[in-house]
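Me: Could you take a close look at how helices pack against each other in this model, and set out the geometry with the criteria behind each term?

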Amino acid sequence: MFAILIATPSFAAQSAYDLMERANALYRDGKFKQAITLYRKAESRGADPVATSFNIANSYYQSGMFPEAAATYRKAVDYSAGKFSPALFNMASVYFRLRQYPECVAAYHRALKLEPENVSGWLYLGEAYGKTGDAVGALRAIEKAYQLDKDDISIVYQLSEANIALNDFERAVAVVREGYAAHPDEVDFLVYLGDVYRLNKQFEESAAAYREALGVRPDDTATMYKLADVLADDNKPFVAMDVLNNLVQIKPDFSDAAIFLGNLAYDAKFYDRAESAYELAAKQGNAESVFGFKNMAYDAHAEKRDDEALRLLRIAQKYFPDDVTVQADILEFEKN
């Protein structure tokens, strides 16, 4: 709302009008200090004090002079008998920048009494409440914005997160389901739903939501990774490995997925599968694969299979020849 306010000209106040026009031109050119001077002259010659105060405050704001901007927006509000909502909204924004959150909340409430259907105002009020630590106030403000504009997808996410902040996961899920019902092409709602369930440690529901999303976008490797991750958390490593194996078939350069697959296979003592996964990651330059090869080599060494340990370390050395830890381990095992 930081547009300039243009005063209506009249014959008696022509000189003031000319000053306002010149000041507005300076404002548009970013010459805020000069604009302030002319706005003040215009006010002294009869220009509308609401308009001049508002524009001076905007100039202060654009110059980064926030305390001065807040004080001048208050003047514009006072001159308008509290009826000029743009000044109230801008004053609230300045208070937010100054981290004066209670004052910010109060200003937004005054502005929203004048413009109760201002969706952005309710969202900003919710953000300000969040800064004060009032999660209930934040939820109520965002809920109001949601009721005014249910078609705004971003508000669905914000409202869900506001409910999560109050540990109301049931309502958080319901909001996302409502959003998805209204926007069935927004598959990311399903992915987010999986995230919400997982946050609440509802692993089966989380996996189901990710699978539902994959039913629409079967090659979405990011969602496949999330599914594998929640399956691993739910103590289903073998199912997770199958998902990851499909993932790396689709996207072989997804090296983090290859590392994940290697680690699960290693823990399950599927060493051939782990080795293949680590080498796939190594081919992409993922240095975490070194730790995988080294762990397998140490296990082989503990079982007195130093030839196998050396073979694994040399694979790591092939892809990371400058890794001094691998070189040192090779020298150590060669002694034996």
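Reply: What follows describes two helix pairs, with the criteria given as they arise. This is a predicted model, in which local features need pLDDT of at least 70 and side-chain atom pairs count only at pLDDT 80 or more, while totals for chains, interfaces and linings use all residues. Residues are numbered from 1 along each chain as its sequence is written, and side-chain values use heavy atoms, with hydrogens and water left out.

Helix α17 (residues 288–302) and helix α19 (residues 324–335) have axes that come within 11 Å and cross at roughly 15°; helices are DSSP runs of H or I with at least four residues, numbered from the N terminus, and axes are lines fitted to C-alpha atoms over the stretch in contact, with angles from 0 to 180 degrees between N-to-C directions. α17 and α19 are therefore roughly parallel to each other (angles under 35 degrees; over 145 counts as roughly antiparallel). The contact (heavy atoms within 4.5 Å) is made by V290, K294, A297, Y298 and H301 of α17 and by T325, V326, D329 and F333 of α19. These residues of the α17 and α19 contact divide into five nonpolar, two polar and two charged, where Ala, Val, Leu, Ile, Met, Phe, Trp, Tyr, Cys and Pro count as nonpolar, Asp, Glu, Lys and Arg as charged, and the others, Gly among them, as polar.

Helix α11 (residues 188–199) and helix α12 (residues 203–216) pack at an angle of about 170°, with axes 8 Å apart, and are therefore roughly antiparallel to each other. Their contact involves residues including L190 and Y197 of α11 and F203 and Y210 of α12, and its residues divide into eight nonpolar, two polar and four charged.

Conventions:
Helix = DSSP H or I, 4+ residues; strand = E, 2+ residues; numbered from the N terminus. Parallel < 35°, antiparallel > 145°, perpendicular 65-115°, else oblique.
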